[in-house]
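Here is a chain to get to know, one piece at a time. Have a look at it first, then read on for a short tour.

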Amino acid sequence: MAKINILKPELFNKIAAGEVVEKPASIVKELVENSIDAGATKVSIQIYEGGIKKIVVSDNGSGILPDDLEPAFMPHATSKIAHEDDLYNIATLGFRGEALASIASVSEVEVISKTATHNGHSIKLSGGKVIAKGEKGSPLGTYFSVENLFFNTPARQKFLKKPKKEESECTSLISKLILANPNVAIKYSADDKIVYSSSGQGLQDAIFAIYGAQIIDSLIPVNVENEKYSLKGYIGKTSYFKSNRTYQTIMINGRWVSESIVNVAVSQCYESYMMKHCFPFCVLCLNLPNDEVDVNVHPNKLEVRFQDSRAIFGFVYNAITEAIFNDLTQKTTQEIEQTQQEFNLTRAPESVEDAKLPEKQELNLNFILDNQPKNDEVMHSSAECPILNELVINKLIDSVKPAKYEVKEEKPVFIPQPTQQQLIKEEIVDKNAFLSSRVIGKAFNTFVIMELDDELCFIDQHAAHERLLFDRFVSQIKDKEVSSQPLLLPYNIDVNSQEEQFVLDNLEMLRSLGFDIEPFGNLSFKISAIPSILPDLNVEKFFENFLSNLNNFKQMKSLDLIRDNLSETACKHSVKGGDDLDKDELVKLVRGVGDGNVTLQCPHGRPFVVKFKRRDIDKWFRRIV
Ligand code: ADP
Ligand code: MG
C-alpha cells in the first residue's frame with residue numbers, strides 16, 4: 001500500500017466537483033437553489049451553448065456580505081447549517097456547502113452581490129483561485145456567472161454532450177424548478193431566446209408557464225391534508241395520458257425529487273385506467289415534518305428517504321384515488337343529468353314535481369354503488385380504505401368504461417393443427433417450386449390449391465399476399481428506396497424539451513423512413529409527408545408510440561419502429577380470405593411468392609402454406625398402406 005496522502009483542497013474540490021457538477025444542468029440547479037434559499041422572488045437564468053460556454057443566474061435575494069464572498073467558495077462553507085442537529089431538520093434546498101467550491105474549481109466564475117446593509121462587491125475566480133475582487137455597484141441581490149465549464153479538466157470536458165442536448169437537460173430541469181417554486185418568478189432563456197417565464201403567482205400559473213394554459217381542461221386539483229402530511233397540486237384526468245414519464249413532477253418539502261415512493265403510489269392509482277405504455281400527468285407537492293424525511297441521501301439531493309414510507313404511500317394513494325374518484329363521479333353525474341334531460345324532453349312532464357331533476361347525490365350513489373349500502377357514511381369510509389375504494393372504483397369503471405376496454409369472451413374452439421410435416425418450413429421449401437408449380441384451383445375463395453411435383457399445397461391467399469407486401473416494404477426500407485407522400489395538411493406535434501431532444505436525435509432515422517419532419521418553432525415539429533408505403537398511417541398514434549421509447553435506453557431501429565404499422569398496412573392492402581380471385585390473379589400471387597425474398601409465414605407469424613404428400617393422400621384412400 002502506498003503512503004496515505006491528505007489531498008490538497010484544490011484536488012479535493014475537483015473530486016467533489018465530480019459528484020455535484022456533472023453537467024451544466026447540475027450547476028443551474030445549485031445556483032437557482034441558492035437564489036431561492038436567499039429568499040429571492042425573482043430569478044433570471046441565461047445559458048449559452050447549452051450552458052457549456054456560459055451560465056448566468058441572477059436574483060433579488062438577500063445577497064452575500066462582502067466579507068463572506070471569498071469564504072463562500074471554500075469547501076463545506078455554508079450559512080445554512082451549523083450543528084449536527086440541523087442536519088436532521090433541513091428547511092433550505094442547499095446545506096452541504098460544497099456547490100460553490102466545486103463549481104469554481106472547474107470553471108471561471110464571477111459573482112457580484114449586494115446586501116441591504118453593504119455596498120455591492122464582486123469576486124472573480126479561475127479554476128478555484130481568486131483572481132480579482134473589490135467593490136462594485138450592483139442592485140440588491142446576487143449575479144452569478146459561470147464560464148468555460150471544465151476548461152481545466154479536459155477529461156471531463158469530453159463527457160459533455162452536444163450543446164443542444166445539454167440545453168435540453170437544462171430546460172427540463174428548469175421546468176421542474178419552476179413547478180417546485182411556484183411563488184418565485186423565474187425567467188429562462190437559452191442563447192438569448194426566452195424559453196420559460198413564470199409569474200410567481202402560484203402553482204396553476206407555473207403549470208401554464210410550462211405546459212400552456214390549455215392543459216387546464218385535463219387537470220384534477222388535489223388538496224388533501226391530515227395532521228402530519230399534506231398533498232397539493234394537480235393530476236391528469238384518466239382520459240389524459242402521456243407516452244412517457246417526463247410529465248410527472250413530484251416535490252417533497254419544496255424540493256423536486258426525481259423518483260420516490262410517491263411516484264409509485266400515483267402510478268398504482270392509475271393502473272386500472274391506463275393502457276400499457278401510458279403514463280399519468282401529475283404535479284404534486286407533498287409536505288411533511290422536516291425530521292421525517294432525509295434529504296441527505298445523495299449529493300445532488302434528487303432522492304429522499306422517508307422515516308415511514310408505508311404511511312406516506314397510504315396517504316398519497318388514498319388522496320389520489322379519491323381525487324380520481326370524485327372527478328369520475330362528477331362526470332358521470334353530469335352525463336346522467338344530460339340523458340335525464342334528454343329523456344325529460346321527449347316525455348312531457350305530467351306535473352311540476354315530475355319535471356324536477358333527481359337529486360345529484362342520490363343519483364350519484366345509486367349509479368356507482370348499485371347493490372352496496374347507500375349512505376354517506378359508507379362512501380366516506382370507503383374513500384379512506386384503499387381496498388374498498390378499489391372495489392368502488394372498479395365498479396365505477398365497469399359502468400363507465402368505453403367499449404375499447406371490453407374483452408370478448410372467446411369460447412375455446414378445437415382447431416385441428418396440421419402436422420409438422422405438413423407445414424412447409426422455410427428451410428425446407430424450394431421457392432423455385434412456386435415458380436414451376438401448377439395452380440389447379442381454389443377452395444372457399446380463401447385457399448389457393450397448387451400441385452407441386454408429388455405434393456399438394458394449400459396457400460392462404462390473404463396471409464401470402466400480406467407477407468409479399470410486407471417483405472416488399474422491408475426491402476424498400478433496407479435499400480433506402482422509401483418514397484414520401486405529402487400530407488394534405490401538415491401535421492404538428494407538440495413536445496416537451498426532453499421529447500424534443502429525442503425527436504432531434506432520431507430525425508435522420510425518421511427521414512430515412514420517408515417522414516418529412518422538421519422543427520417548427522419552439523417545442524414543436526411539423527410533419528409534411530409520411531412514408532408512401534404507409535398511406536393510412538395514423539400520424540398522431542405513430543408519434544405517441546414513438547415518444548414512448550424515450551424511457552428505453554436501447555438504440556431505436558427504424559424497422560422496429562414501423563414494423564407494426566407495416567404489417568398493419570400490408571394486412572389492410574392485401575387480398576382477403578373470401579376475395580374471389582381469378583386464375584390469373586392466383587397464379588400471379590403464387591409466382592410472386594416464388595420471385596420474392598419471402599418468408600413462408602405471414603407477418604403475424606401464421607404459416608401460409610400447408611402441404612400434403614401424394615403418399616399421404618394415397619394412404620387416406622388405402623391405395624397404399
Ligand atoms: P450551500 O447552499 O449548501 O450552503 P453553497 O456552496 O451552494 O452551499 O453556497 C455557499 C454559501 O454561499 C451559502 O450557504 C450562502 O450563504 C451563500 N450563497 C450562495 N449563493 C447565494 C445567493 N445567490 N444569494 C445569497 N447567498 C448565497
Ligand atoms: Mg447551495
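## Starting at H462

Let's begin with a single residue: H462 sits in helix α15. Keep in mind that you are looking at a predicted model.

Is H462 buried or exposed? Its relative accessibility is 12%, and the cut-off for buried is under 20%, so H462 counts as buried. Leaving aside residues up to four places away in sequence, H462 touches C571, S574, V575, K576, G577 and R606. That part of the chain is a long way off in sequence: H462 and K572 are 110 residues apart along the chain, yet their C-alpha atoms are separated by 9.9 Å.

## Another residue in the same helix

Helix α15 covers residues 461-478, and I477 lies in it too. I477 is buried, with a relative accessible area of 10%. Here again, sequence and space tell separate stories: I477 and I533 are 56 residues apart in sequence, and 9.7 Å apart in space from C-alpha to C-alpha.

## The chain as a whole

Time to step back. The chain has 625 residues, and 46% of them are buried. Its secondary structure comes to 21 helices and 24 strands.

How do the contacts spread along the sequence? Take the contacts between residues at least 6 apart in sequence: 69% of these join residues at least 24 apart. The pairing of H462 with R606 is one contact you have already met.

## Helix α6, an enclosed helix

Now for a helix worth a visit, α6, which runs over residues 163-180. It has 18 residues and reaches 25 Å from its first C-alpha to its last, close to the 26 Å expected at 1.5 Å a residue.

How many residues of α6 are buried? The count is 15 of the 18, so α6 is largely enclosed by the rest of the structure. Three helices that pack against α6 come next.

## α6 with α2

Helix α2 spans residues 24-37, and its axis comes within 8 Å of the α6 axis, crossing at roughly 30 degrees. Angles under 35 degrees count as roughly parallel, so α2 is roughly parallel to α6. The crossing is right-handed.

On the α2 side, the contact is made by P24, A25, V28, K29, V32 and E33, and on the α6 side by E166, E169, C170, L173, I174 and L177. Sorted by class, the contact of α2 with α6 has 8 nonpolar and 4 charged residues, with no polar ones.

## α6 with α7

Helix α7 covers residues 203-211, and it packs with α6 at an angle of about 165 degrees, with the axes 8 Å apart. Which way do the two helices run relative to each other? Over 145 degrees counts as roughly antiparallel, and therefore α6 and α7 are roughly antiparallel to each other. Their crossing is right-handed.

S175, I178 and L179 of α6 make this contact, together with L203, A206, I207, I210 and Y211 of α7. The residues of the contact of α6 with α7 are 7 nonpolar, 1 polar and no charged.

## α6 with α16

The third partner is helix α16, residues 497-505, whose axis comes within 8 Å of that of α6 and crosses it at roughly 160 degrees. That makes α6 roughly antiparallel to α16. This crossing is left-handed.

In α6, the residues K164, K165, S168, T171 and S172 meet S497, Q498, Q501 and D505 of α16. What classes turn up in the contact of α6 with α16? There are 6 polar and 3 charged residues, and no nonpolar ones.

## Two residues with positive phi

Last, a look at the backbone. Most residues other than glycine have a negative phi.

F150 has a positive value, near 65 degrees, and it is a residue other than glycine. You'll find F150 in the loop between β6 (141-147) and α5 (154-157). At 1% relative accessibility, F150 counts as buried.

N253 is not a glycine either, and its phi is positive at about 45 degrees. N253 lies in the loop between β12 (248-252) and β13 (255-256). With a relative accessible area of 22%, N253 is partly exposed.

Technical notes: Residues numbered from 1 in each chain as written. Chains lettered and ligands numbered in written order. Predicted model: local features only at pLDDT ≥ 70, side-chain atom pairs only at ≥ 80, totals over all residues. Heavy atoms only, no water. Axes fitted to C-alpha atoms, helices over the stretch in contact; angles between N-to-C directions. Helix = DSSP H or I, 4+ residues; strand = E, 2+ residues; numbered from the N terminus. Parallel < 35°, antiparallel > 145°, perpendicular 65-115°, else oblique. Left-handed = near helix turned anticlockwise from the far one by under 90°. Contact = heavy atoms within 4.5 Å. Nonpolar A, V, L, I, M, F, W, Y, C, P; charged D, E, K, R; others polar. Buried < 20%, exposed > 50% of the residue type's maximum accessible area, 1.4 Å probe, protein only. Expected span 1.5 Å × (residues − 1).
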